[in-house]
Amino acid sequence: MAEKSKIEWTDATWNPVRGCTKISPGCKHCYAEVFAERFRGVPGHPYERGFDLRLVPEKLEEPLRWKTPRLVFVNSMSDLFHSGVPDDYIVSIAEVMKAANWHTFQVLTKRSERMRDLLNSKLQFAAHSAHIWWGVSVENRKYGLPRIEHLRRANVAVRFLSIEPLLENLGPFDLSGIHWVIVGGESGHGARPLQKEWVLSIRNQCWQARVPFFFKQWGGVHKSRNGRKLGGRTYDQMPVTSSIAPQFGT
Ligand code: SF4
């Protein structure tokens, strides 16, 4: 069984793929790479091969054995739509998600064009399940905003944005068809700073569009000192998936 996740917006992680390669500025301080590379060369360790991409078929059916419903972050240590993951393997993962419908699955990618194309073809059988949420990472205007458009073009039930690490002011952008927005700053050594105005701009746009807003953290080198309050309160809204229409969860 996967350990309980420390990620603020999920309960558990499931990694039927391990490892990845960098694709855009949001990857610069990838926590998964830092973690995996610590164990490179350790015989028998799950990350014996560091952050090299590999499939882990023995993990495929893990969620079917978890009897208690969970929010499951899929591939916290990889990117499901990496070009090194075959279509058939992605279909197998989606089949498990579709079958394990007592859980809620969160799939997050930076390879948004491939996700869109597969969701509109081989993954259609899973695209309309309200317990599977499909999301893209957004770190800046150049790389992040086009991913939102790719996501909107995917014919799915639930779409979300992980705007983390937010690296600049995104300015006004289109939230139509989006059901949940997470925002956070970078944490750890060399963390790039997050400015309050950038977060407020997104929060205000979410209010106007009636999209649930979750503020994860300010981040920074010592993230626990900076906390996760914005304007004196926390934001923990979640999507309400009993309806396709955007609603406030809290
Ligand atoms: S896509 Fe995600 S997992 Fe892959 S290198 Fe970038 S941040 Fe890390």
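Buried means under 20% relative accessible area and exposed means over 50%, with partly exposed in between. Keep that handy for the exercises below, and remember that this is a predicted model.

**Exercise 1. Two salt bridges and their surroundings**

Task: Work out whether Glu37 is buried, exposed or partly exposed, then do the two partners in the salt bridge between Lys59 and Glu62.

Solution:
- Step 1. Glu37 has a relative accessible area of 31%, so it goes down as partly exposed.
- Step 2. Its salt-bridge partner is Arg40, with the closest N and O atoms 2.7 Å apart. Arg40 comes out at 38% relative accessible area, so partly exposed as well.
- Step 3. Now for Lys59 and Glu62, whose side chains meet at 3.1 Å, N to O. Lys59 sits at 25% and is partly exposed, whereas Glu62, at 5%, is buried.
- Step 4. For a wider view, salt bridges with shared partners tie Glu149, Arg152, Arg153 and Asp174 into one network. The overall count is 16 salt bridges.

**Exercise 2. A lysine without a salt bridge**

Task: Find Lys110 in the fold, and say which side chain of opposite charge is nearest to it.

Solution:
- Step 1. Start with the location: Lys110 belongs to the loop that runs between strand E5 (104-109) and helix H4 (112-119).
- Step 2. Lys110 is buried and has no salt bridge; Glu139 is the nearest side chain of opposite charge, 5.5 Å away. A salt bridge needs the side-chain nitrogen within 4 Å of a carboxyl oxygen.
- Step 3. Check what Glu139 is doing instead. Glu139 forms a salt bridge with Arg147, with 2.8 Å between the closest N and O atoms. Both Arg147 and Glu139 are buried.
- Step 4. Look at the contacts of Lys110 beyond four places in sequence: Ile23, Ser24, Gly26, Cys27, Asp79, Ser137, Glu139 and Arg147.
- Step 5. Finally, turn to the ligand. Lys110 is one of the residues around it, along with Cys20, Thr21, Lys22, Cys27, Cys30, Ser78, Asp79 and Arg111. That shell splits into three nonpolar, two polar and four charged residues.

**Exercise 3. How enclosed is H4?**

Task: Decide how many of the eight residues of H4 are buried, and which elements they pack against.

Solution:
- Step 1. List the buried ones: Ser112, Arg114, Met115, Arg116, Leu118 and Leu119.
- Step 2. That makes six of eight, so H4 is largely enclosed by the rest of the structure.
- Step 3. The packing partners of these buried residues are H3, E5, helix H5 (124-127), E6 and helix H6 (141-152).

**Exercise 4. The surroundings of a histidine**

Task: Which polar contact joins the side chain of His103 to another side chain, and which backbone oxygen lies 3.0 Å from a polar atom of the His103 side chain?

Solution:
- Step 1. Place His103 in the loop between H3 and E5. With a relative accessible area of 1%, His103 is buried.
- Step 2. The side-chain partner is Trp102, at 3.0 Å.
- Step 3. The backbone oxygen belongs to Pro63.
- Step 4. Past four places in sequence, His103 touches Pro63, Trp66, Thr68, Pro69, Arg70, Val72 and His131.

**Exercise 5. Backbone oddities**

Task: Go through the backbone angles of Asn75, Arg210 and the Glu164 to Pro165 peptide bond, and place each one in the fold.

Solution:
- Step 1. Asn75 is not a glycine, yet its phi is positive, near 60°. You'll find Asn75 in the loop between strand E4 (71-74) and helix H3 (87-99), and at 2% relative accessible area Asn75 is buried.
- Step 2. Arg210 is another non-glycine with a positive phi, about 55°. Its loop links helix H7 (196-209) and strand E9 (213-217).
- Step 3. Glu164 and Pro165 are joined by a cis peptide bond with omega about -5°. Pro165 falls in the loop between strand E7 (158-163) and strand E8 (180-184).
- Step 4. Use Pro165 as a marker for Trp133: the two are 32 residues apart along the chain, and their C-alpha atoms are separated by 20 Å. Trp133 is part of strand E6 (residues 132-137) and, at 4% relative accessibility, is buried. A polar atom of the Trp133 side chain lies 3.1 Å from the backbone oxygen of Ala130.

Methods:
Residues numbered from 1 in each chain as written. Predicted model: local features only at pLDDT ≥ 70, side-chain atom pairs only at ≥ 80, totals over all residues. Heavy atoms only, no water. Helix = DSSP H or I, 4+ residues; strand = E, 2+ residues; numbered from the N terminus. Buried < 20%, exposed > 50% of the residue type's maximum accessible area, 1.4 Å probe, protein only. Lys, Arg positive; Asp, Glu negative; His and termini not counted. Contact = heavy atoms within 4.5 Å. Polar contact = N/O pair within 3.5 Å; in protein donor to acceptor, adjacent residues only side chain to side chain. Near = heavy atom within 4 Å. Nonpolar A, V, L, I, M, F, W, Y, C, P; charged D, E, K, R; others polar.
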